[in-house]
Amino acid sequence: MGGSVARVARTWLAVLGVAVGVSVMLPATPAAAHNSLTGSDPRNGARLAVAPKRIELRFLATPTPATTKITVTGPENVPATGGAPTFTGNRVSVPFKPGAAGLYIVGYRVGSTDGHPVTGEIRFTVTTGLPAEPPSATTTASSAVSASALPTGAAASSAAVPPASPALAADRRSDDGSGWLWALGAVALLALLGGAFLLRRRAARD
């Protein structure tokens, strides 16, 4: 009798142990199916005096390129991604193209084995931005030439009136000469008409 009771007790203990083990393992299955961020370089909230060349994100599971999207934006939502991301195991790195000093936001979207995408972001601050580009030598030279070419005082007045071309002056001289010729021709014609009239009156008297 006592042996059968002991066997039943051991059986129930074994069943109870299996049930507890299954109950402990079941919640872990969906959690393992979800991907998640485990770390980054730069870390979230970092303040950097020197901008990094690349940004690296580390995930719990290996992300696939087809379902992974990484964006980097800087101050005033200016894109700061310098190229396409690269994948090495559970790590994704993207070239960083820094701009002005300020806050930079790295957004990510990766897939999970259960089909649900995981999204998130990290933020870091770059305290020194790129210096302003100096004006080019071509622009400076052209500005200097334009400023030196501007006339001043009386020179400005004389320079404002373009000189007449030689062809135009010749045309004006030719126009003046033809006017005098027309006037002389008209006088000669009147003289001839007057002489003919006088000759006819004399002939009529005779």
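The following exchange goes through the strands, the sheet and the surface of this predicted model.

Me: What makes β5 and β6 a pair of strands?
Reply: Two strands count as paired if at least two bridges are found between them, and β5 and strand β6, residues 91–95, are joined in the antiparallel sense over 3 bridges, so the criterion is met. Within this pairing, Thr86 stands opposite Ser93 in β6.

Me: Why is β5 called an edge strand, and which other strand is one?
Reply: The open sheet has 4 strands in the order β1-β3-β6-β5, with antiparallel pairing. Its edge strands are β1, at 37–41, and β5, at 86–88, each of which pairs on one side only. From one strand to the next, the twist averages 20°.

Me: How do you know which elements the chain has, and in what pattern do they follow one another?
Reply: A helix needs at least four residues and a strand at least two in the DSSP runs, and on that basis the chain has 4 helices and 8 strands. Along the sequence, they follow the pattern α-β-β-β-β-β-β-β-β-α-α-α.

Me: What makes a residue count as buried, and what percentage of the chain does so?
Reply: The cut-off is a relative accessible area under 20%, and 17% of the 206 residues of the chain count as buried. The chain exposes about 15,000 Å², of which carbon and sulfur atoms supply 66%.

Me: What makes two residues a contact, and how many of the contacts join residues at least 24 apart?
Reply: Contact requires heavy atoms within 4.5 Å; among contacts in the chain between residues at least 6 apart in sequence, the share that joins residues at least 24 apart is 58%.

Note on methods. Residues numbered from 1 in each chain as written. Predicted model: local features only at pLDDT ≥ 70, side-chain atom pairs only at ≥ 80, totals over all residues. Heavy atoms only, no water. Axes fitted to C-alpha atoms, helices over the stretch in contact; angles between N-to-C directions. Buried < 20%, exposed > 50% of the residue type's maximum accessible area, 1.4 Å probe, protein only. Areas by Shrake-Rupley, 256 points an atom, 1.4 Å probe, with all protein chains shown as cover.
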